[in-house]
Each structure stands twice: as C-alpha cells, then as structure tokens.
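Please look through the model shown below, beginning with the surroundings of its ligand and moving outward from there.

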Amino acid sequence: MNTLPESCLWRDALPPATQDVPPAIADDCDVAIVGAGYTGLWTAYYLKRLAPQLSVQVFESAHAGFGASGRNGGWLIGGLAGQEGWLSGLVPDVREETRALLYGIVDEVKAVCAREGIDCDLAHGGVLYAARGDAQARRAALWLGELRAAGHGEADFCWLDRDALAARLQMAGAVGAVFSPHCATLHPFKLVQGLLAAVRGLGVAVHEHCPVLGLGGGRLRLPDGAVRAHWIVPALEGASGTLPEFGGRLQAAQSLIVVTEPLSPAQWDEIGLAGRPAFADLSRGITYGQRTADNRLLFGARGGYRFGGRVRWDFDPQGADFTGRAELMRTFFPQLSGVRITHAWGGSLGLPRAFTPFALRDSVRGVACAGGYGGEGVGASNLMGRTLADLMLGRDTVLTRQPWVRGDGTLASLRRWEPEPLRYLGYHFIRASFALDDALSQSPRVPGCLRRAVSAAADAMEGLMH
Ligand SMILES: Cc1cc2nc3c(=O)[nH]c(=O)nc-3n(C[C@H](O)[C@H](O)[C@H](O)COP(=O)(O)OP(=O)(O)OC[C@H]3O[C@@H](n4cnc5c(N)ncnc54)[C@H](O)[C@@H]3O)c2cc1C
C-alpha cells in the first residue's frame with residue numbers, strides 16, 4: 001500500500017461545523033444528552049419535534065460526529081443486528097408490524113433528509129452479500145432459511161445466481177449473492193452535519209468540546225460544574241467505557257476502512273455497483289463496502305479489541321491492519337491492481353453482551369439510553385432515537401411496544417461482559433477461529449473433512465456469542 005497519513009475521507013473535505021457564538025450551558029434542563037453522534041442527535045431531533053417546549057442540551061467531548069457516526073462505512077440498514085433471533089418468536093401480526101418498522105428506517109431517514117434539506121449523497125440501491133466460494137454459498141442458504149423463518153419474504157431477501165450477481169457486481173470468486181433492497185448508502189459525516197444543523201434549528205443547545213465525567217442523582221458532572229436534568233441520555237455506544245456507570249456493559253471493538261482514489265467510468269464498468277448498492281462477502285470476518293458518490297471504492301472489515309474494552313480512534317495507517325484490508329480488497333477486486341489508496345482510518349463500535357440493540361428507560365433514576373448496535377448503528381440509531389423520544393415523553397406507541405425496548409429497566413439490567421482477561425482471550429480466540437475458517441474455505445487443496453471440522457468449530461464459537 002502506498003504511504004499515506006491516517007485520514008478519514010468523510011471529514012477530509014468537510015471540516016466540523018463551528019458556531020460563531022457557542023451556546024451557554026444552562027444549569028438545569030429537561031433533557032441532557034451525552035454524545036453528539038447519531039443516537040444523541042436523532043433523540044434530540046425527535047424529542048423537539050414532538051415536544052418543542054422541552055429544553056434539550058447535548059454535551060460532546062470532541063465535535064459532533066467525532067465518534068463512529070462520522071467515520072463509518074455509510075450503510076444505512078433497514079434492520080437491527082440479531083433481529084432474526086427475536087422476530088421468529090413473535091406472533092404473525094406483531095411480527096409484520098415490527099418488520100415494517102425495521103424496513104421503514106431507510107424511508108424515514110430519506111423523509112427527514114428531504115424535510116430538513118440534508119444532502120448526504122443517499123442512494124437507495126439495496127445490499128449485496130456475495131458468496132465467495134461454495135462454503136459461503138452454503139452459509140447463504142442457511143441464512144436464507146433463518147430469514148424465511150423470521151418472516152422475511154423473497155422481496156426482502158433473495159438469492160441471485162452467478163450471472164445475476166455479475167450484472168450488478170463483479171467480485172472474484174463470487175458464485176452468487178443474497179440481495180436485499182432494505183439498505184442505502186450515504187456520506188456519514190454529511191448526515192451528522194445535517195442533523196446537527198436541524199437540531200440547532202429546533203433550539204437544541206449542542207455543547208462541543210465539553211466532556212461529561214459521570215452521571216447520577218439527576219446530574220451530569222462536567223469539568224467545571226454540574227447540570228441537573230429531568231432526563232439524562234448517555235448516547236456513547238463504543239465510547240460507553242468513558243462513563244463508569246456503564247462498567248463492562250458495552251464493549252468497544254474496532255473496525256477499519258480503506259478507500260481508493262476516484263475510479264474512471266471504464267474501471268467501474270469492470271466492477272459494477274451501478275446505483276451504488278452496499279456490498280459485503282459472507283465470510284465470518286465481516287466485510288463491508290460501497291461505491292462513494294465521488295466514485296471511489298470504500299472497503300472495510302471488522303477487527304481489533306483492546307484489553308479492557310478501551311475505545312480507540314487513532315490508528316497507524318502503515319500498520320498491518322490496513323495492509324491486510326487493502327490486500328483483501330484487491331483479492332475481491334483484482335481490477336484494482338495499481339489503483340491508489342488515498343484514505344485509511346478506523347474507529348470503535350459498541351458490542352452488547354446480548355448481541356442485539358436495546359432502548360431502555362429508567363424512570364426512577366431519570367436515565368434513558370439506547371445502543372448496542374454491534375456495528376450496524378447508522379439506521380438503528382434512527383429507530384432508537386424515535387423510540388427513546390416516545391419513552392421519555394411517556395407515549396404508548398408502536399415503537400415503545402417493540403422487543404428492543406427494556407420498559408422500566410436500569411443500566412444494571414444490561415447483561416455484563418465476562419471479566420478480563422476472559423473477554424480479551426475469548427474475543428481473540430473466536431476471531432482466530434473465524435479467520436482460520438475463512439482462510440480454509442478459500443483453499444480448495446485443504447481436505448474437505450478438515451474444512452468441515454474447522455467450520456463446525458467456528459459455528460460453535462459463534463453459538464457461544466449468544
Ligand atoms: C469504522 C466503522 C464502520 C462502521 N460502518 C457502519 C456501517 O456501514 N453501517 C452501520 O450501520 N454502522 C456502521 N458502524 C457503526 C455505526 O457507525 C455506529 O453504530 C453509530 O455511529 C453509533 O452512533 P452513536 O451516536 O451511538 O455513537 P458515536 O457516533 O460513537 O457517538 C458517541 C459520541 O460520544 C462522544 N463522547 C464519548 N465520551 C464522551 C463523554 N464522556 N462526554 C461527552 N461525549 C462523549 C464521542 O466523541 C462521540 O462523538 C461503523 C462503525 C465503525 C467504527
């Protein structure tokens with residue numbers, strides 16, 4: 001890979017918006033939100049739309065979108081991580097209502113963008129989960145079975161054979177793909193900045209460079225004092241460990257991205273992705289990518305966990321993490337040989353022990369929070385922002401009756417992760433088993449019985465995570 005400084009494409013051409021006159025901090029307010037990522041901003045947005053009379057303040061330790069919201073892969077998914085597990089247990093009528101809410105995320109974000117004049121390069125082209133080789137094709141078949149059991153029809157998720165896939169995406173070794181229309185791609189930081197302007201326009205005071213040190217007793221502790229609030233909303237996701245109250249409930253794990261220089265129309269003819277669908281392969285390594293609005297190829301993959309679940313925002317662009325992703329991208333797309341990589345960056349996401357997102361309201365302590373998106377928070381945060389607004393306003397709506405709501409729960413009701421060093425060892429052991437399975441599944445010379453044994457072991461590891 002060429003030498004390059006660590007830099008995030010999204011924020012390169014779009015510096016954080018500054019305010020000429022920063023708002024004064026009010027000692028008292030109705031709602032104090034900690035963190036100006038999507039969760040914090042969507043919550044503020046829906047609260048003020050429903051109850052304009054409320055005083056709402058947002059406290060952000062850096063600038064809005066500094067965290068995962070300003071540096072993600074730009075997949076806007078109409079769904080929640082782990083949803084199949086609970087969808088399949090719902091009675092049919094309720095399940096249809098829930099599925100409509102999940103799929104409706106993309107249209108809701110589009111509607112807000114239209115209403116608020118937010119141009120975030122949103123393209124509603126669906127998502128292609130390509131199967132690279134027979135092992136991934138078998139996994140696709142199993143997954144489609146789970147999707148059907150959870151009520152998703154052919155129009156929601158379908159199998160594309162090799163030719164049908166090639167007409168949309170040419171990825172080396174792909175034998176087909178699962179396609180879903182319930183996904184869009186966008187420019188994450190443009191969405192943050194648009195939401196920031198929208199909430200400011202609604203009268204929300206956003207205090208940037210203002211870290212919160214702790215919460216409790218209806219107060220936020222700031223470096224220079226405290227703020228009393230009727231409701232406190234920690235919206236920190238991967239950075240939850242910065243507040244001691246979360247102690248081990250949301251773990252930070254890392255994900256890293258590389259981006260090419262803009263490609264020519266002829267290069268895109270060789271790759272596809274007309275209409276800018278999101279894409280991934282079906283390896284266990286969790287890859288993701290998109291064709292950006294300025295015609296670059298963005299490619300990311302999950303990886304990295306720091307002892308104690310410490311959050312991480314700085315990465316060495318010359319490090320093996322990025323080299324590995326660039327190599328993987330070129331394995332998927334040999335068409336990119338000789339193409340320059342211009343940006344490389346990473347960030348932290350939040351993993352809940354239950355592996356599915358939550359929204360909870362603790363009326364006794366005056367705390368409402370949501371998160372645990374497991375790396376799929378661009379769309380989920382919109383749904384959770386709406387849910388939290390209804391929960392705090394005491395509204396009985398279709399949102400507050402959903403399986404992700406922990407009615408009157410407490411932070412303590414969120415399942416804790418295992419203590420260290422078990423967490424660290426477990427994470428790295430599981431990832432190593434996934435990497436081995438992915439590598440063997442791409443090696444035809446390895447005996448089938450060995451491949452199947454490793455795959456079964458990796459399945460068992462995946463089972464342990466639930
Ligand atoms: C590299 C990467 C790629 C990803 N790709 C995708 C994708 O393509 N699609 C998808 O759906 N999801 C993706 N995700 C996940 C998604 O970006 C997140 O789930 C989502 O942005 C979380 O939003 P949030 O507002 O909850 O948290 P964040 O955006 O992390 O916001 C938390 C904010 O809190 C601030 N903060 C931290 N501590 C304090 C404190 N003590 N006081 C005040 N403020 C504080 C931080 O500075 C930060 O701005 C990706 C994540 C990463 C890291």
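Sorted by class, the shell around the ligand is made up of 15 nonpolar, 15 polar and 4 charged residues. The model is a predicted one, and in it 34 residues surround the ligand, of which T39, E60, S69, V212 and V378 come nearest. Several elements contribute to this shell: the helices α2 (38-50) and α10 (377-392), together with the strands β12 (250-260) and β16 (341-352), each supply at least two of its residues.

Some of the surrounding residues place polar atoms beside oxygen atoms of the ligand. In S69, a polar side-chain atom lies 2.5 Å from an oxygen atom of the ligand, whereas in G377 a backbone N or O atom lies 3.0 Å from an oxygen atom of the ligand. For G67, again with a backbone N or O atom, the distance to an oxygen atom of the ligand is 3.3 Å. On its own the ligand has 1000 Å² of accessible area, and the protein covers 97% of that area.

Helix α10, which supplies residues to the shell, also packs against another helix. Two packed helices are described by the angle between their axes and the distance between the axes. For α4 (residues 92-116) and α10, the angle is about 95° and the axes are 9 Å apart. Because angles of 65 to 115 degrees count as roughly perpendicular, α4 is roughly perpendicular to α10. On the α4 side the contact involves L101, L102, I105, E108 and V109, which meet G379, N382, L383 and R386 in α10. By class, this contact between α4 and α10 has 5 nonpolar, 2 polar and 2 charged residues.

Two details of the backbone remain to be pointed out. Most residues other than glycine have a negative phi, and most peptide bonds are trans. R276, although it is not a glycine, has a positive phi of about 55°, and this residue lies in the loop between α8 (265-271) and β13 (278-281). The peptide bond that joins E420 and P421 is cis, with omega about 5°, and P421 lies in the loop between β19 (405-406) and α11 (422-441).

Methods: Residues numbered from 1 in each chain as written. Predicted model: local features only at pLDDT ≥ 70, side-chain atom pairs only at ≥ 80, totals over all residues. Heavy atoms only, no water. Near = heavy atom within 4 Å. Polar contact = N/O pair within 3.5 Å; in protein donor to acceptor, adjacent residues only side chain to side chain. Areas by Shrake-Rupley, 256 points an atom, 1.4 Å probe, with all protein chains shown as cover. Helix = DSSP H or I, 4+ residues; strand = E, 2+ residues; numbered from the N terminus. Nonpolar A, V, L, I, M, F, W, Y, C, P; charged D, E, K, R; others polar. Axes fitted to C-alpha atoms, helices over the stretch in contact; angles between N-to-C directions. Parallel < 35°, antiparallel > 145°, perpendicular 65-115°, else oblique. Contact = heavy atoms within 4.5 Å.
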